[in-house]
Amino acid sequence: QSLKRLLDGTFTIGPPKAQSYRTLRLTGDLTSVLRSHRHAHRKARLSAPVWEDHGFVFTNAIGRPIDSSNLRRIVSGHAESAGVGHLSPNELRHSAASLLVASGTPLKDVSDMLGHRDIRMLAQTYRHKLRPIVDVTAGQERMLGEG
């Protein structure tokens, strides 16, 4: 689903762009982290003086969606605490995509994960981060008579 803020400050939830529907397989570690979060979230819900249950996984202190400016501040604070400097949620998305590509994940798979229609957007947006490692060592070894 896609969460959008309306001009009056309220939120609406609706379907994402048609080509953005996807199912993501999660690692065991991430599944464990999400289960722990769910447990903590339930405790927070039970101890909150007021709670609006919208069914969200990540909420503010009373169950509402996290405001985008607050999310940016939260992410930046965690990044600063971790010693990596200021980061925004969008920079985390870019970093994840870049690291996946650098680790050898096919562009099509990364593009699908991001919800892009094809790899063009990925290649254009992340071009500076997707520079391949050019391996000419075999040619160099032959040239120097080592191979």
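This briefing walks through some strands, salt bridges, a nonpolar core, a pocket and a few single residues of the structure above. Keep in mind that the model is predicted. Two strands near the start of the chain, residues 2-5 and 11-14, pair in the antiparallel sense. A search of the whole structure turns up four salt bridges, and the largest nonpolar core is made up of five residues.

**The strand pair**

- Strand 1 covers residues 2-5 and strand 2 covers residues 11-14; four bridges join them in the antiparallel sense.
- To follow the pairing by eye, start at Ser 2, which stands opposite Gly 14 of strand 2.
- Then move to Leu 3, whose bridge partner in strand 2 is Ile 13.
- Five residues sit between the strands of this hairpin, and Gly 9 takes a positive phi near 90 degrees there.
- Thr 12 is a good residue to click on in strand 2. Setting aside neighbours within four places in sequence, Thr 12 is in contact with Ser 2, Leu 3, Lys 4 and Leu 6.
- Is Thr 12 buried, partly exposed or exposed? Its relative accessible area is 32%, so Thr 12 counts as partly exposed.
- For a sense of scale, pick Thr 12 and Glu 80: they are 68 residues apart in sequence, and their C-alpha atoms are 31 Å apart in space.

**Salt bridges**

- Side chains of opposite charge can pair when their charged atoms come close. Three of these pairs are described below.
- Glu 52 and Arg 64 form a salt bridge in which the closest N and O atoms are 2.8 Å apart. Both residues lie in the loop between helix 1 and helix 2, 12 residues apart, and the pair links distant parts of the chain.
- How accessible are these two partners? Glu 52 is partly exposed because its relative accessibility is 26%, and Arg 64 is partly exposed because its value is 40%.
- Lys 108 and Asp 112 meet through their side chains in another salt bridge, at 2.9 Å from N to O. Both belong to helix 4 (residues 107-114), where four residues, about one turn of the helix, separate them.
- With a relative accessible area of 41%, Lys 108 is partly exposed; Asp 112, with 33%, is partly exposed too.
- Arg 120 forms a salt bridge with Asp 118, with 3.0 Å between the closest N and O atoms.
- Why does Arg 120 count as exposed? Its relative accessibility is 54%, and exposed means over 50%. Asp 118, at 25%, counts as partly exposed.

**The largest nonpolar core**

- In soluble globular proteins, nonpolar side chains tend to be buried together.
- Which residues make up the largest nonpolar core here? They are Ala 97, Val 101, Val 110, Leu 114 and Leu 122.
- Helix 3 (89-102) and helix 4 are the elements that give two or more residues to this core.

**The second largest pocket**

- Rolling a probe the size of a water molecule over the atoms shows where empty space is left.
- The second largest pocket has a volume of about 160 Å³.
- Its lining consists of Thr 23, Leu 24, Arg 25, Leu 100, Thr 105, Asp 109, Val 110 and Met 113.
- Which helix gives the largest share of the lining? That is helix 4, with three residues.
- Look out for Val 110, which lines this pocket and also belongs to the largest nonpolar core.

**Two more residues to find**

- Ile 66 lies in the loop between helix 1 (28-47) and helix 2 (68-81). Not counting residues up to four places away in sequence, Ile 66 touches Phe 58, Thr 59, Asn 60, Leu 71 and Ile 74.
- Ile 66 counts as partly exposed because its relative accessibility is 23%.
- Between Ile 66 and Thr 27 there are 25 Å in space, C-alpha to C-alpha, and the two are 39 residues apart in sequence.
- Ser 47 lies in helix 1. Ser 47 counts as exposed because its relative accessibility is 61%.
- Ser 47 and Leu 99 are 52 residues apart in sequence, with their C-alpha atoms 39 Å apart in space.

Note on methods
Residues numbered from 1 in each chain as written. Predicted model: local features only at pLDDT ≥ 70, side-chain atom pairs only at ≥ 80, totals over all residues. Heavy atoms only, no water. Pairing = 2+ DSSP bridges. Buried < 20%, exposed > 50% of the residue type's maximum accessible area, 1.4 Å probe, protein only. Contact = heavy atoms within 4.5 Å. Core = buried A, V, L, I, M, F, W, Y, C linked by side-chain atoms within 4.5 Å. 1 Å grid on protein atoms, 1.4 Å probe; cavity = no way out; pocket = protein on both sides within 12 Å on 5 of 7 lines; lining within 4 Å. Points joined across faces, edges and corners; volume = space filled by probe spheres on them.
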